[in-house]
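Work through the following exercises with the sequence and the coordinates open side by side. Each task is followed by a solution that proceeds step by step.

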Amino acid sequence: MTTPTADTAPMDFGDLRGILRYVPQFRGRIIVVAVDGGVLQSPKVANLLLDLAVLNSLNIPTVLVHGAAAQVRELGRRRGVAVSNDDGAGATDQATLEVAIDAVSRVGHQLMCDLTALDLRAATTNALIAHPTGLRDGVDLGFTGRVERVDAAALKALIQERLMPVIPPLGFDGGGRTLRLNSDAVAAEVALALDALKLVYIGEQGLQTAAGDRIAQLTVQQARELARPAPADAATDRAPLPPGLISKLRYGALACQEGVPRVHLLAGDRDEVLLAELFSAQGVGTMIHADAYHHVRKASAADLPALLAMMQYPVEESALLPRSKADIEARLGDFRVIEVDGHLVGCVALHLHPDGVAELAGLCVRRANKGRGFGRELVRHVENEARQHGCRRLVALSTQAFRYFEERLGWEPGEINDLPEPRRQAAAANGRNSRVVRRELG
Ligand SMILES: CC(C)(COP(=O)(O)OP(=O)(O)OC[C@H]1O[C@@H](n2cnc3c(N)ncnc32)[C@H](O)[C@@H]1OP(=O)(O)O)[C@@H](O)C(=O)NCCC(=O)NCCS
């Protein structure tokens, strides 16, 4: 493998700015990245490890879980061993276990070499306590195991020391015996144990519709449906999915249902796949999410009562400027709302001013729905709209959420002169002493 170094990798400052915009939402949260053995054999692995190095340099802790099915198959073939199962999901006999131990060791060793070349400090651990799976459908799975416990404290201690844990698809039981594990299952268990913000699966293929279009988002329920084998007698136009994708959908849905907010399925056959998925609004793979269906839309007259009710408390708290029904009605076209399963949970307004300056106002998320990213989504939506209108700058006046804009959303502190003249006077006259925050839309 040729590993690009920081000196040879191409640098685009526009990309860097785009990335930094997203960094605050990752602060202090762990990302678990699970990479299939087949991807680790491909020429794209160099680029993937470089993506991990970028995350590391941004202080976003990552845990790397790896598979080894392709390497187990290849080593078995070379040794003349008929492997009983390659991916740790089926039965593992003694001969296959020995091949798996050697194949996994080689993968781990190569990874350590490549990570060292990128100045990434990493450590392999015995953090997975496993038990033999036992019998499934009447078949003894032999040395195949399942994760019993993840030593989260040990992994967190490594992360604290800025060492990236590298977790192989092997576990140990209390008696010191080695068991073969499935890396997709391992990654889900590790993500849950570490309360990870994201679990990213990078396999050899991405998820597409029958027409070949990317499936960008799935709810947990939809992921489960897709993972379920179609009954043999059912008339279906769905092409059967490869086992690797079925496994990722299954374990991804499980992790998401149990508490990992976002699970991503990516194809490892393109450059910068990890960064492109994490640091762009549209992503490049499939995201599984647990949230109920929601979307941002223009406000309509029917939303007025809900809008007024939602704003009442923040207005009383002096976080929002008081607005009458007539005020909102007069500028209803500027308001956007976010709706979850038919209920309004947040709103924001975008006022366009002359000279390419736009103003974000009236941002508000219902108390019961706070902390679920709706505020961020509304702001990002309005940023995109302002960009589409050709605005160069977006400003907001805030009494209590200026830190939210600056620390969570990457806005910068502004000044009263960032506002267009008539707004400047109105802001100074209302006595709220609001802070100005701004986003250059470039
Ligand atoms: C500010 C507001 C819109 C954020 O909405 P939200 O959907 O809860 O925000 P998100 O889910 O995108 O982000 C939540 C994160 O922002 C932080 N945050 C929320 N409000 C904050 C504030 N006023 N100051 C600093 N950080 C804040 C939360 O602590 C949380 O941090 P965490 O991810 O580390 O747990 C919402 O709190 C609100 O309606 N506030 C009252 C009205 C207001 O002040 N509006 C701004 C007028 S310009």
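**Exercise 1.** Locate Arg 17 in the secondary structure, decide whether Arg 17 is buried or exposed, and determine how far Arg 17 lies from Ser 105 in sequence and in space.

*Solution.* Begin with the secondary structure of this predicted model, in which Arg 17 belongs to helix 1, the run of residues 13-26. Next, count the C-beta neighbours: there are 12 inside 10 Å, and since a residue with 12 or fewer is classed as exposed, Arg 17 counts as exposed. Finally, compare the two separations from Ser 105, which amount to 88 residues along the sequence and 38 Å from C-alpha to C-alpha.

**Exercise 2.** Describe the overall dimensions of the protein, its secondary structure content, its buried fraction and its division into domains.

*Solution.* Taken along the principal axes, the C-alpha atoms fill a box of roughly 80 × 55 × 40 Å. The secondary structure comprises 15 helices and 21 strands, and 40% of the 442 residues count as buried. The protein is divided into domain 1, covering 27-289, and domain 2, covering 294-440, and the C-alpha centres of these two domains are 41 Å apart.

**Exercise 3.** For the pairs helix 4 and helix 5, helix 8 and helix 9, and helix 7 and helix 9, work out the relative orientation and the handedness of the crossing.

*Solution.* Take helix 4 (residues 69-79) and helix 5 (residues 94-117) to begin with: their axes come within 9 Å and cross at roughly 125°. Angles over 145 degrees count as roughly antiparallel and those from 65 to 115 as roughly perpendicular, so helix 4 and helix 5 are oblique to each other. Helix 4 passes helix 5 in a right-handed crossing.

Turn next to helix 8 (residues 220-227) and helix 9 (residues 243-258), which pack at an angle of about 155° with their axes 8 Å apart. Because that angle is over 145 degrees, helix 8 and helix 9 are roughly antiparallel to each other, and helix 8 passes helix 9 in a left-handed crossing.

The remaining pair again involves helix 9, whose axis and that of helix 7 come within 9 Å and cross at roughly 15°. Since an angle under 35 degrees counts as roughly parallel, helix 7 and helix 9 are roughly parallel to each other, and the crossing in which helix 7 passes helix 9 is right-handed.

**Exercise 4.** Place Ala 193 and Ile 202 in their elements, classify each as buried or exposed, and relate each to a residue elsewhere in the sequence.

*Solution.* Ala 193 is found in helix 7, residues 183-193, and has 20 other C-beta atoms within 10 Å; as the cut-off for a buried residue is 20 or more, Ala 193 is buried. Its C-alpha atom is 9.4 Å from that of Ala 153, although 40 residues separate Ala 193 and Ala 153 in sequence.

Ile 202 lies in strand 11, residues 198-203, and counts as buried because it has 28 C-beta neighbours inside 10 Å. Between Ile 202 and Leu 363 the separation is 161 residues in sequence and 36 Å in space, C-alpha to C-alpha.

**Exercise 5.** Examine the backbone of Arg 162 and Ser 318, and state where each residue is placed.

*Solution.* The background to this step is that most residues other than glycine have a negative phi. Arg 162, which is not a glycine, has a positive phi of about 60°, and it sits in the loop between helix 6 (152-160) and strand 8 (164-167). With 11 C-beta neighbours inside 10 Å, Arg 162 counts as exposed.

Ser 318, likewise not a glycine, has a positive phi of about 70° and is placed in the loop between helix 11 (304-316) and helix 12 (325-330). Ser 318 counts as exposed, with 11 C-beta neighbours inside 10 Å.

**Exercise 6.** Characterise the shell around the ligand by its nearest residues, its contributing elements and its composition.

*Solution.* There are 20 residues around the ligand, of which Ala 319, Lys 370, Gly 375, Arg 376 and Ala 401 come nearest. The elements that give two or more residues to this shell are strand 18 (357-365), helix 13 (374-388), strand 19 (393-398) and helix 14 (402-408). By residue class, the shell divides into ten nonpolar, five polar and five charged residues.

How values were computed
Residues numbered from 1 in each chain as written. Predicted model: local features only at pLDDT ≥ 70, side-chain atom pairs only at ≥ 80, totals over all residues. Domains from an automatic or database assignment. Helix = DSSP H or I, 4+ residues; strand = E, 2+ residues; numbered from the N terminus. Near = placed C-beta within 6 Å. Nonpolar A, V, L, I, M, F, W, Y, C, P; charged D, E, K, R; others polar. Axes fitted to C-alpha atoms, helices over the stretch in contact; angles between N-to-C directions. Left-handed = near helix turned anticlockwise from the far one by under 90°.
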